[in-house]
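Q: I have a protein model open and would like to learn how to read its pockets, its sheet and its charged contacts. Could you take me through them one at a time?

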Amino acid sequence: AENEEEPEAEEEEYDEDDEEEEDEKPMSLEQHRKGIDAIDKKLVALLNERTEHALAIGAIKLKAGEEIYAPHRERLIFERLVKLNKGPVPHEALKAIYREIMSCSLSLEKSLTIAYLGPEATYTHQAAIRKFGHSLRYAPQKTIKDVFSEVEKNRADYGVVPIENSTEGVVTHTLDLFVESPLKIVAQIVMPIQHCLVRINRRNKIRKLYSHPQALAQCRVWLQQNLPSVEVIEASSTTRAAEMAAEDKTAAAIAGSLAAERYNLQILDHNIQDNASNATRFFVLGRKCSPSTKNDRTSLVVGIEDKVGALHQVMEPFRKHRLNMTKIESRPSKRKAWEYLFFIDCDGHFEDKKVANAINELDRISRFVKVLGSYPNAE
């Protein structure tokens, strides 16, 4: 009898489960909205609580004379967030959200000013916002030298300047300014450069095209294929090109989406650069480098003797200490004819033992060595 009753009990339990599943109903639109409202209430409270902690940390830093902005800490936060993120929010979207949260905290801790190579809505402006968020004060400068000067004279807390493009190469003027400047590279930004064809009026035929020489060079093949007979006019910046196109119904410009938005221009074509992986690297200028994150890059400038084998001798400490040299660029020293300086990037932080030993050896065998900065490697 017991054996006969057991299947009946199992069958009843199965039937009950089926009934429970049938009773489950999807949440209604109103229920989802109430759920979001309840979560938002908690989020606002938690964001304010987080900001209070950030403000307390900022006060401690200011009292100790430390820098408010900490690239190494920023890097650790983003790495932790990515590990915590289980989706469906994409990692990059989550980083963008937290970028603005941290930007707000920075602006409340201290009124930070970021100088950058202007005018407004250039790619450098876009890179600065990408690094620091929208809450800080941005000060456009006419030249790269002006950006250095603003930070050196304490009129700006940090500066953002372009250093190289993956298609067109290094910005030599930026390198030259580092030789004499006391400023350090405290962070880097690697930003995809996505050029757009923009104009104010779709109906009229394009007769003139404005843009910066770098942008024109990066879109050379596209222009030959799509606008071979249009008059090309160089502008001082992509933003200035967008402004000029906004004033002329027969003109278009190659510029970024930020410039198009600023001058109410329509984007006719996206991503017209010839190289799909086109990117520009920017440096953030500051007064003090951050501690090591264990995933850093160091930039140096080395002056060598004008003799046979001098460059080979300079590269030897990197080989000896098994340091990956990621870049080497030569520039005239401007002190003596045919005398050159070498700008070198290598993996590691200047306080790391291997890098420090290599720098000491370079100092013994070269005319001079200057550490331009150590900063977290690009994300």
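A: Let us begin with a pocket, keeping in mind that this is a predicted model. Helix 5, strand 3 (158–165), strand 4 (169–170), helix 8 (213–218) and strand 11 (279–286) each give at least two residues to the lining of the second largest pocket.

Q: Which element gives the most to the lining of the second largest pocket?

A: That is helix 8, which contributes three residues. The lining consists of 26 residues, and those nearest the centre of the pocket are Leu 117, Thr 124, Pro 162, His 212 and Gln 214.

Q: How is such a space found, and how much of it lies in the second largest pocket?

A: The general idea is that a probe the size of a water molecule, rolled over the atoms, shows where empty space is left. In this structure, the second largest pocket holds about 560 Å³ of space, and its lining divides into ten nonpolar residues, 15 polar ones and one charged.

Q: What does the lining of the largest pocket divide into?

A: There the division is 15 nonpolar, ten polar and eleven charged residues. The largest pocket offers about 890 Å³ of space, and of its 36 lining residues, Gln 126, Ile 129, Arg 130, Lys 131 and Met 191 are the closest to its centre. Helix 3 (71–84), helix 4 (91–109), helix 5 (123–132), strand 5 (184–192) and helix 11 (257–262) each supply at least two residues of this lining.

Q: Turning to the sheet, in what order do its five strands lie?

A: The order across this open sheet is 8-7-9-6-10, with mixed pairing. Its edges are strand 8 (231–234) and strand 10 (266–269), each of which pairs on one side only. On average, neighbouring strands of the sheet are turned by 35 degrees against each other, if direction is ignored.

Q: Do strands 7 and 8 pair in the parallel or the antiparallel sense, and what packs on the sheet?

A: Strand 7 (residues 208–211) pairs with strand 8 in the parallel sense, over four bridges, and within this pairing Lys 208 has Glu 231 of strand 8 as its bridge partner. Helix 10 (residues 238–246) packs on the sheet, where it touches strand 7 and strand 9 (251–255), and its direction makes about 160 degrees with that of strand 9.

Q: How many salt bridges are counted, and where could I look at one?

A: The count comes to 16 salt bridges, and one of them joins the side chains of Arg 240 and Glu 243, at 3.0 Å from N to O. These two residues are separated by about one helical turn, because they stand three residues apart in helix 10.

Terms used
Residues are numbered from 1 along each chain as its sequence is written. This is a predicted model: local features need pLDDT of at least 70, side-chain atom pairs count only at pLDDT 80 or more; totals for chains, interfaces and linings use all residues. Side-chain values use heavy atoms; hydrogens and water are left out. Two strands pair if DSSP finds at least two bridges between them. Axes are lines fitted to C-alpha atoms, for helices over the stretch in contact, and angles run from 0 to 180 degrees between N-to-C directions. Contact means heavy atoms within 4.5 Å. On a 1 Å grid over the protein atoms alone, a cavity is a set of points where a 1.4 Å probe fits but cannot get out, and a pocket is an open set with protein on both sides within 12 Å along at least five of seven lines; lining residues have an atom within 4 Å of a point. Grid points are joined across faces, edges and corners, and a volume is the space filled by probe spheres set on the points. Ala, Val, Leu, Ile, Met, Phe, Trp, Tyr, Cys and Pro count as nonpolar, Asp, Glu, Lys and Arg as charged, and the others, Gly among them, as polar. A salt bridge is a side-chain nitrogen of Lys or Arg within 4 Å of a carboxyl oxygen of Asp or Glu.
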